[in-house]
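Colleague: I have a model open and would like to talk through how it packs. Can you put it up?

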Amino acid sequence: MNIWDSYRKDKCNLKSEGFSLHFERGIDSKLRDYYISFSKWLRKEYVFPTHINIYLKNCETIKLNSGIRAYGSFKYFEKNTPRIIIPSKVEKKLLNEFSVDELYEQILSSFVHELTHYYQYVSGLEQTNAVSERQANHFRYSIIEKYYDEMK
């Protein structure tokens, strides 16, 4: 099942409630521009049937409730707006292996990964955590590639 295709504007007749980006101070301006450009494209291409808040933190990783450090988090609530948290600071140790643009792409791919969890949630999918993670990882780069292809 291609969960993202289910929410393409040309295939979905649900009303879009959209999403809001919340930038923490100190996020690199070039990465901020990437987020804004990518978000404009997402809003043009896809329906977001339940409004979601997206918090972009000026840190390399975030701490989950389990204590594990992660590159993103999706949380949903019965009565509140769901939210995504994405750490948006380049890990200095990775600059030896990757360019800044490649690292920004990895950060955006975490954004897509968590948005896939959002679509799983709004679709009411009942699947194991392992299946949900595999599905989110599958779309992580395919949506980014689609964006780059359309921006050429």
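Modeller: Below we go through the helix pairs, the core and a few single residues.

Colleague: What kind of model is this, and how are residues numbered?

Modeller: It is a predicted model, in which local features need pLDDT of at least 70 and side-chain atom pairs count only at pLDDT 80 or more, while totals for chains, interfaces and linings use all residues. Residues are numbered from 1 along each chain as its sequence is written, and side-chain values use heavy atoms, with hydrogens and water left out.

Colleague: Start with H1 and H2. At what angle do they cross?

Modeller: Roughly 40°, and the axes of H1 (residues 29–45) and H2 (residues 100–123) come within 11 Å. Helices (H or I, at least four residues) and strands (E, at least two) are DSSP runs, numbered from the N terminus. Axes are lines fitted to C-alpha atoms, for helices over the stretch in contact, and angles run from 0 to 180 degrees between N-to-C directions.

Colleague: What do you call H1 and H2 relative to each other?

Modeller: H1 and H2 are oblique to each other. Under 35 degrees counts as roughly parallel, over 145 as roughly antiparallel, 65 to 115 as roughly perpendicular, and the rest as oblique. The crossing of H1 and H2 is right-handed, that is, the near helix is turned clockwise from the far one by less than a right angle; anticlockwise would be left-handed.

Colleague: Which residues make that contact?

Modeller: On H1 they are Lys30, Leu31, Tyr34, Tyr35, Phe38, Ser39 and Leu42, and on H2 Asp101, Tyr104, Ile107, Leu108, Phe111, Val112 and Leu115. Contact means heavy atoms within 4.5 Å. By class, the contact of H1 with H2 has 11 nonpolar, one polar and two charged residues. Ala, Val, Leu, Ile, Met, Phe, Trp, Tyr, Cys and Pro count as nonpolar, Asp, Glu, Lys and Arg as charged, and the others, Gly among them, as polar.

Colleague: And H2 with H3, what's the angle?

Modeller: About 125°, with the axes of H2 and H3 8 Å apart. That makes H2 oblique to H3, and the crossing of H2 with H3 is right-handed.

Colleague: Which residues of H2 and H3 meet?

Modeller: Among them are Glu105, Ser109, His113 and Gln120 in H2, and Glu133, Ala136, Arg140 and Tyr148 in H3. The contact of H2 with H3 divides into eight nonpolar, 10 polar and three charged residues.

Colleague: Is Ser109 buried or exposed?

Modeller: Ser109, which lies in H2, is buried, at a relative accessible area of 1%. Buried means under 20% relative accessible area, exposed over 50%, and partly exposed in between (1.4 Å probe, protein chains only). Leaving aside neighbours within four places in sequence, Ser109 is in contact with Arg140, Tyr141 and Ile144. The C-alpha atoms of Ser109 and Ala136 are separated by 9.8 Å, with the two 27 residues apart along the chain.

Colleague: That leaves H1 and H3. How do they pack?

Modeller: Their angle is about 95° and their axes are 11 Å apart, which makes H1 roughly perpendicular to H3. In H1, Ser37, Phe38, Trp41, Leu42 and Glu45 meet Ile143, Ile144, Lys146, Tyr147, Glu150 and Met151 in H3. The classes in the contact of H1 with H3 are seven nonpolar, one polar and three charged.

Colleague: Phe38 keeps turning up. What does Phe38 touch?

Modeller: Not counting residues up to four places away in sequence, Phe38 touches Leu108, Phe111, Val112, Ile143, Ile144 and Tyr147.

Colleague: How many residues are in the largest nonpolar core?

Modeller: There are 36, and those with the most contacts inside this core are Trp4, Phe38, Leu42, Ile54, Phe111 and Ile143. A nonpolar core is a set of buried Ala, Val, Leu, Ile, Met, Phe, Trp, Tyr and Cys residues joined through side-chain atoms within 4.5 Å. At least two core residues come from each of E1 (19–23), H1, E2 (52–57), E6 (83–87), H2 and H3 (129–151). H2 gives the most to this core, with nine residues.

Colleague: Switching to the loops, where is Tyr76?

Modeller: Tyr76 lies in the loop between E5 (73–75) and E6. Tyr76 is exposed, with a relative accessible area of 53%. Beyond four places in sequence, Tyr76 is in contact with Pro82 and Tyr121. Tyr76 and Tyr121 are 45 residues apart in sequence and 7.9 Å apart in space, C-alpha to C-alpha.
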